[in-house]
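Subject: Structure handover

Dear colleague,

Please find the structure below, with the sequence. My notes on what was found in it follow.

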Amino acid sequence: MQLGKRLSLFPGIALVVAVVVQVLLLLAICRSATGSQKITIAVKTSQKNHKSRIALLLRTWLSESQSSAYVFTDAEDTVLSDALDDRVFVTDCGQSHQRADLCCKTWRIIDWYVTRWATTTSTTAATGVQAAEAAVAGQNGDADDRWLCLVDDDTYVNIPVLQTVLENAARTSSTSNSNGKPSPYLYVGKPSVAGKLSLPPMFRMNYGDAPIDKYWFGTGGAGVCMNLAVARRLHAFIVGMNKTLVTLCGETGCPDDMTLGVVMEVLLGVPLRVSTKLHSHLESLRSIGDPTQEATLSYNAGAKYTNTVNAERLSKALPVSEDPSRLLSVHCSIHPTLEWCPH
Ligand code: UDP
Ligand code: MN
């Protein structure tokens with residue numbers, strides 16, 4: 001009798017176990033599917049590059065990214081808006097390669113990103129900081145999983161690898177708070193200079209009492225990421241001084257990426273977390289062993305493809321004549337079943 005009862009329980013238990021396993025699997029799948037949605041990628045571009053550079057991105061990772069990547073440019077373009085719908089922003093920034101115009105675009109991106117998430121939490125300085133700390137303490141859902149990455153228009157982004165880079169950065173967040181808790185502020189990039197730089201003299205005059213006098217910065221051309229917590233803090237800090245990044249770029253006399261490094265490391269005390277998976281064309285791209293395993297890759301668009309990754313060992317390489325940047329070959333090797341890739 002007892003045995004029969006126990007036996008008759010088995011199918012029930014097996015069913016419950018099967019349902020639980022299935023729910024867990026579904027949760028895991030959903031988690032990995034939505035993970036990349038937590039990374040917002042902003043591409044900085046200019047009208048003159050829409051055809052020559054954005055076309056390549058549209059053919060590759062930008063289309064794959066769906067709602068998580070946006071383009072910030074300086075002129076309307078129906079081809080671009082047809083391809084990306086509401087993911088194109090035409091800024092009021094100038095079209096030149098000069099410091100002020102590039103800093104303007106970068107500021108528009110940060111301002112847009114912080115405002116975008118303002119509906120969930122107030123963006124005043126105090127609330128921004130409190131929200132960030134609460135997030136790390138696990139009291140505020142997943143606010144600290146959200147990231148903004150800024151990339152140039154000659155950059156290939158391997159989104160799953162980028163996601164791993166950012167997850168690792170969050171996991172290995174150092175204990176830099178006075179209370180011994182991990183810092184909620186994450187700034188990730190790859191320096192293109194071997195050692196830290198001295199503060200620009202012009203900046204020293206304005207902020208002479210800054211406690212740190214050397215800084216590092218994530219090279220813009222390699223892609224620079226910041227989590228929502230630090231984006232909010234940076235934004236509140238700059239707006240609180242009645243300034244924009246353009247003002248600060250004027251004060252440092254440096255481009256946008258260097259100025260971001262100065263503000264993060266020196267004024268906010270947020271150290272750069274270095275990722276070796278990010279690659280600008282300031283480094284020798286040929287020496288990367290397997291480009292499919294990297295988070296970002298660039299090519300020297302301005303210098304006629306003189307610095308590109310080595311596609312010889314890739315599983316799906318297109319001829320150089322069809323793929324001078326070698327980034328189509330990287331994309332095909334990551335997505336070998338794509339219709340236009342070699343079979
Ligand atoms: N850029 C721009 N306006 C310009 C020149 C460049 O917005 O007049 C953007 C460009 O689209 C790219 C970034 O600035 O995203 C870097 O430009 P580029 O790759 O031409 O030069 P680099 O700084 O890498 O030598
Ligand atoms: Mn470039």
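The main element to look at is an open sheet of seven strands with mixed pairing, in the order β3-β2-β1-β4-β9-β6-β10. Strands (E, at least two residues) and helices (H or I, at least four) are DSSP runs numbered from the N terminus, and two strands count as paired if DSSP finds at least two bridges between them. The edges are β3 (88-90) and β10 (272-274); each has a single partner strand, so one side of each lacks a neighbour in the sheet. From one strand to the next the twist averages 25°, where axes are lines fitted to C-alpha atoms (for helices over the stretch in contact) and angles run from 0 to 180 degrees between N-to-C directions.

This is a predicted model, in which local features need pLDDT of at least 70 and side-chain atom pairs count only at pLDDT 80 or more, while totals for chains, interfaces and linings use all residues. Residues are numbered from 1 along each chain as its sequence is written, and chains are lettered from A and ligands numbered from 1 in the order in which they are written.

Within the sheet, β4 (residues 147-152) and β9 (residues 224-227) pair in the antiparallel sense over four bridges. Leucine 150 has valine 224 of β9 as its bridge partner, and leucine 148 stands opposite methionine 226 in β9. β9 also pairs with β6, again antiparallel, over two bridges; here valine 188 is partnered by cysteine 225 of β9. Both faces of β9 are covered, with Val224 and Met226 buried on one side and Cys225 and Asn227 on the other. Buried means that 20 or more other C-beta atoms, placed from the backbone, lie within 10 Å of the residue's own.

Helix α11 (residues 256-267) packs on the sheet and touches β6 (187-189), β9 and β10, its direction making about 115° with that of β10. In helix α12 (residues 327-334), seven of the eight residues are buried, among them His331 and Cys332. The cover over these buried residues includes α2 (50-59), α3 (61-64), β5 (155-157) and β11 (296-298).

Ligand 1 is surrounded by 15 residues, the closest being Thr45, Ser46, His97, Asp152 and Asp153; a residue counts as near if its C-beta atom, placed from the backbone, lies within 6 Å.

On confidence, the mean pLDDT (the predictor's confidence in each residue, from 0 to 100) of the chain is 85, and 80% of its residues reach 70 or more.

Regards

Methods: Two residues are in contact if their C-beta atoms, placed from the backbone, lie within 7 Å. A residue is buried if 20 or more other C-beta atoms lie within 10 Å of its own, exposed if 12 or fewer, and partly exposed in between; C-beta atoms are placed from the backbone.
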